[in-house]
Amino acid sequence: MKVTAKELETLIVNKLMKAGLKEEHAQVVADVLVHADARGYHSHGAMRVEYYAERIAKGGINTDPEIQFEKNGPAAAIFEGDNGVGHFMAKKAMEEAIAIAKENGIAVVGVRNISHSGALSYFVEQAADEGLIGISVCQSDPMVVPFGGAEPYYGTNPIAFAAPSSNGEKIIFDMATTVQAWGKILHHRSKNEPIPDSWAVDENGESTTDPFKVKALLPIAGPKGYGLMMMVDILSGVLLGLPHGKHVTSMYEDLTEYRKLGQLHIVINPAFFTSADLFKEKITTSMEELNQVKPKEGYDRVSYPGQRSEERAKKAYEDGIEIVDEIYEYLVSDVVHNNQYDNKDPFAK
Ligand code: NAI
């Protein structure tokens, strides 16, 4: 069914506040989730609300965190999130990174001790909206087989990148380092639809098309994706003194515990490397040239990264956002959560 962005945002804010989150924090979570649903990243949209509500209600997210910001050098800083809700912390930390990069040319801000922060495109877009290059990486629960392995070690460790152009559009590249994000498997489960055989493996490490049989995800491009997820783990975990690799907390293990996750924002100010205007013009040229590349049979056009999601978003903010009926029913109900995520094996049926 379709709902307006405004209605979806209000429903999410109300539900999260009912679970115990402050309005200021709930507003940012809702904004990030609506951003994701509008762009077609339903795996990181409203379908996550009930999980967040349960974790908040059970104490696994700090609803009254004490934020600390330590600037340890001209461009290096740590944003301590005190296990508050990840979306709010990652947004605030990006605001700090933007301010540093405007002044010093580059910023590297580690966001320490947060909960899940959702779709990373939201945060890198903050930087691009200010004429800067944004990069963000974060940890995620261990559920991916390393290349050649038969059990999970790393998370789906996403990487996002955004760059501004001269016409207001942005290049936004945002991907999990797995063939698909875990949330996409959840999305297929919620719709009871099969998954392609390249996404995940079953209990024997064999490819499966049944979303309910998934026991681990596959990295993108074999050993190359495995290398990228290792890089993300080092930058957003080891570098910030947080649990790394298989020691990263699971989303569903114990909803009363803080997750202690890490995220790293890198912001680059083009004006410190070239002419800022020239940079943006060349990005515009790249976008146009990519669109002009002759498409192969079966493709209507070559898109630049983020183009299709932005087009979807523009339409969704005008015509409404498509969400699954059961998610809407939960959002409009009086129930805070249905106690279904605690100690849940994510790979269980
Ligand atoms: P995806 O597979 O839907 O898209 C990956 C990238 O490919 C995007 O930049 C997209 O714009 C681009 N793309 C897709 N089709 C294209 C086409 N036809 N032409 C040109 N470019 C195209 O994204 P994925 O990997 O499923 O990630 C979904 C979301 O999940 C992301 O927002 C990511 O940040 C988030 N995520 C968050 C995690 C967390 O722990 N916070 C963990 C894993 C993912």
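This is a short tour of a predicted model, with suggestions for what to select at each stop.

**Stop one: the sheet**

Start by showing strands only. Seven of them make an open sheet with mixed pairing, in the order S2-S3-S4-S10-S5-S6-S7. Select S2 and S7 to find the edges, since each of these pairs on one side only. Going from strand to neighbouring strand, the average turn is 10 degrees, direction ignored.

Now zoom in on the S2 edge. S2 covers residues 68–71 and S3 residues 76–84; the two run antiparallel and are joined by four bridges. A hairpin of four residues takes you from S2 to S3. Show side chains for Phe69 and Phe79: Phe79 in S3 is the bridge partner of Phe69.

Further along, pick S4 (residues 106–114) together with S10. Eight bridges hold this antiparallel pair. For a landmark, select Val108, which stands opposite Ile266 in S10.

**Stop two: helices on the sheet**

Keep the sheet on screen and add H5. This helix packs on the sheet, touching S5 (133–138), S6 (159–164), S7 and S10. Line up your view with S6 and you'll see H5 running at about 25 degrees to that strand. Next, bring in H7, which lies across S5, S6, S7 and S10. Its direction makes about 95 degrees with S5.

**Stop three: helix H9**

Select residues 307–319. That's H9, 13 residues long and spanning 18 Å from first C-alpha to last, close to the 18 Å expected at 1.5 Å a residue. Which residues of H9 are buried? Colour Gln307, Ser309, Glu310, Ala313 and Ala316 to see them. A reminder while you look down the axis: an α-helix has 3.6 residues a turn, so residues three or four places apart point the same way.

To see what covers those buried residues, show H2 (23–39), H5 (121–128), S7 (170–175), H8 (276–292) and S11 (321–322), which are among the covering elements. Before leaving, click on Gly320, just after H9: its phi is positive, about 115 degrees.

**Stop four: the tyrosines**

Hide the cartoon for a moment and show aromatic side chains. There are eight aromatic pairs in the model. Try Tyr51 and Tyr52 for a tilted one, with ring centres 5.6 Å apart and planes at 55 degrees. Tyr51 counts as buried because its relative accessibility is 3%, below the 20% cut-off. Tyr52 is buried too, at 2%.

Then pick Tyr252 and Tyr341, a stacked pair at 5.8 Å centre to centre with 20 degrees between the planes. Where do these two partners sit in the chain? Tyr252 is in the loop between H7 (223–236) and S10 (261–268), while Tyr341 is in the segment after H10 (325–332), 89 residues away. Both Tyr252 and Tyr341 are buried. Select all four tyrosines together: Tyr51, Tyr52, Tyr252 and Tyr341 form one aromatic cluster.

For one more ring, go to Tyr330. Lys15 lies over its face, 4.4 Å from the ring centre.

**Last stop: His187**

Finish in H6 (residues 182–191), where you'll find His187. Is His187 buried or exposed? It counts as buried, because its relative accessibility of 16% is under the 20% limit. Setting aside neighbours within four places in sequence, His187 is in contact with His42, Met47 and Val324. Draw a C-alpha to C-alpha distance from His187 to Val324: the two are 137 residues apart in sequence and 9.2 Å apart in space.

Terms used:
Residues numbered from 1 in each chain as written. Predicted model: local features only at pLDDT ≥ 70, side-chain atom pairs only at ≥ 80, totals over all residues. Heavy atoms only, no water. Phe/Tyr/Trp six-rings, centres within 6.5 Å; stacked < 30°, edge-to-face > 60°. Buried < 20%, exposed > 50% of the residue type's maximum accessible area, 1.4 Å probe, protein only. Lys NZ or Arg CZ within 6 Å of the ring centre and 35° of its normal. Pairing = 2+ DSSP bridges. Expected span 1.5 Å × (residues − 1). Contact = heavy atoms within 4.5 Å. Axes fitted to C-alpha atoms, helices over the stretch in contact; angles between N-to-C directions.
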